[in-house]
Amino acid sequence: MATQTESKSSGGGVLMRDRLVKRVGEVAAGAFVLAIGGLLVWILSTQVDYDLLSSPLIARRFAEAFFLVIQIVVISSLLSVSLGVLVGLGRISTSNVTGRIAKGYVEFFRGTPLLFQLFVIYFGVPRLWATGEFPFSDWAIPAAIIGLTLNHGAYVGEAIRGGIDAVPNGQMEAARSLGMSRVMALREVVLPQAWRNALAAIGNDQIILVKDTSLLTVIAVPEIMSVFRNINSNQLDPWTPLVWVCVLYLAITMSMSQLVNGLERRSDWGSDSRMFGRLSGLGSGGDDDGGEEA
Amino acid sequence: MTGPLVQFDGVDKSFGDTQVLYDVDVDVDEGEVVVVIGPSGSGKSTLLRCANRLEEIQGGDIRLDGRSVIETDINAIRQQIGMVFQSFNLFPHKTALENVALAPEKVKGAPEAEAKRAAADLLDRVGLADQAESHPGALSGGQQQRVAIARALAMEPRVMLFDEVTSALDPELVGEVLDVIEGLAADGMTMVLVTHEMGFAREVGDRIVLMADGRVVERTETRSFFDEPSTERGQQFLSRLL
């Protein structure tokens, strides 16, 4: 009886402290939002040239860059995810040779900067041909796609490997004990589950891929950042084109996360939906705290 | 075929330096239900897992219908040996019906409609016709284990292995699974069961194999084992239970 009251009162104390922490957090987050919002309004009202912002010349140039980036993203995305599946399978291969090659590939492309890889492909590779013989007249975009694919293939490969590792061993055993070959068991039983396990991490990586296209400005791909640099140096006005840049990247990345959310919902089978509900509940709770940290 | 359907012949099994099975001989006749009992760590489950080569043996031989499982194609031999696991291991991304129909479709190449129809019949047999479209995550442990039994039966195996299939279940769910196994026994299915359910062992088993420390210590008719075990080990084991 005594312990019951005790635990009850201490529980109340914890609850009070929790509420206080929460309230402080809300105030801090609110102040932060106000400060950022104020700064933003000030920038938008004093720094942005709205005539320039809406001029068809700028709009057309950003639109061209935007569609080029979308094309590069779609192709590199499809290629890097396909490559990543192969790399993930290589990492779990029973063949020592395949496993080591996959591991070496991941270590190299995850361990060196994407910019370095782009330089190797864009500047280095054409020099391996005798002068003038290089088969691509415009190498920038192919080099960009190859670089993004190889770089992000390594990350996707690790996500897939993690997803495979997270599938309980009993799944493989059950499939094999029904007479399935290892390859069949992987295809029918293990990989579909691994895919779902890896989906969030893959989606995360593909959003990073979108933002990584901004590096392509240094290998002369006329993408969004190149348009910004051009306008900025001609007009000496950074803020106006920056508004365009921000909106365009967010448009791509936010559609991408919608797509990933949709894929995650589609592969949510059975009673796990309840767990997912709980997790997303936790997630929205976490957002409040995120404001304080930012 | 006059010999036993399944024959463990002097089986030795080690994990690294640790030997877990010593010269194990067990014969299982067609239509017979052999129950393997013994304290934890005595090698019961390992013995089952050796039969369909989830574990490789280091000595002796295991024969199915006179053919060595070691020398036969592993995927072919596994089709003839159904296995049910303690932790069900249903495929969570497939419905109950798809779980049962998958292997006949992919391994035996049965047409989809036919595999699905056979799967529906099997789910009916384990009392789950109404759960055909449910995913495993939506089923109770007892229901999942019954789907797992249907899944193993779908390959029309010659023998079924049950590896402590009720150990992971809540007590009130054990009965429904045991009922299904009893039904199989009544239909004449050859079975090897590892179990801790002594009452059930007594009811459904034709013969009892008592294992301890990786060896078979007693091998006898069920009735005589429970009435008066012939070995001291058997008497000890029973006295601790009763």
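Okay, let's start right in the sheet of chain B: strand β3, residues 33-37, pairs with β8 of chain B in the parallel sense, over four bridges. If you want a spot to click on, take Val33(B), which stands opposite Met191(B) in β8(B). Keep in mind that what you see here is a predicted model.

Now, which other strand joins β8(B)? That's β7 of chain B, residues 159-163; five bridges link it to β8(B), and the two run parallel. Here you can look for Asp163(B), whose bridge partner in β8(B) is Val194(B). And how does the chain get from β7(B) to β8(B)? It crosses through α6(B), and this β-α-β crossover is right-handed.

Let's stay with β8(B) for a moment. Is it buried or exposed? Strand β8 of chain B covers residues 190-194, and five of its five residues are buried, so to speak "mostly covered". As for the side chains, there's a general pattern: in a regular strand they alternate between the two faces of the sheet. You can follow that along β8(B): Thr190(B), Val192(B) and Val194(B) point one way, Met191(B) and Leu193(B) point the other way, and all of them are buried.

Okay, zooming out to the domains. The domain assignment splits chain B into domain 1, which is 6-80 plus 158-241, and domain 2, which is 92-156. Their C-alpha centres lie 25 Å apart. Where they touch, 10 residues come from domain 1 of chain B and 10 residues from domain 2 of chain B. Which element gives the most on the domain 1 side? It's our crossover helix again: α6 of chain B, residues 171-186, with four residues. By class, that side of domain 1 of chain B has seven nonpolar, one polar and two charged residues.

Next, the partner chain. The contact between the chains takes 21 residues from chain B and 19 residues from chain A. On the chain B side, the elements giving two or more residues are α2 (74-79) and α3 (96-106). So what's the mix there? Sorted by class, the side of chain B that touches chain A has 11 nonpolar, eight polar and two charged residues.

Last thing: the confidence scores. Chain B averages a pLDDT of 92, and 99% of the residues score at least 70. For the complex, the predictor gives an ipTM of 0.92 and a pTM of 0.83. One general habit to pick up: where pLDDT is low, the predicted coordinates should not be read in detail.

Notes
Residues numbered from 1 in each chain as written. Chains lettered and ligands numbered in written order. Predicted model: local features only at pLDDT ≥ 70, side-chain atom pairs only at ≥ 80, totals over all residues. Domains from an automatic or database assignment. Contact = placed C-beta atoms within 7 Å. Nonpolar A, V, L, I, M, F, W, Y, C, P; charged D, E, K, R; others polar. pLDDT = per-residue confidence, 0-100. Buried ≥ 20, exposed ≤ 12 C-beta atoms within 10 Å, placed from the backbone. Pairing = 2+ DSSP bridges. Right-handed = clockwise from strand over helix to strand, strands pointing away.
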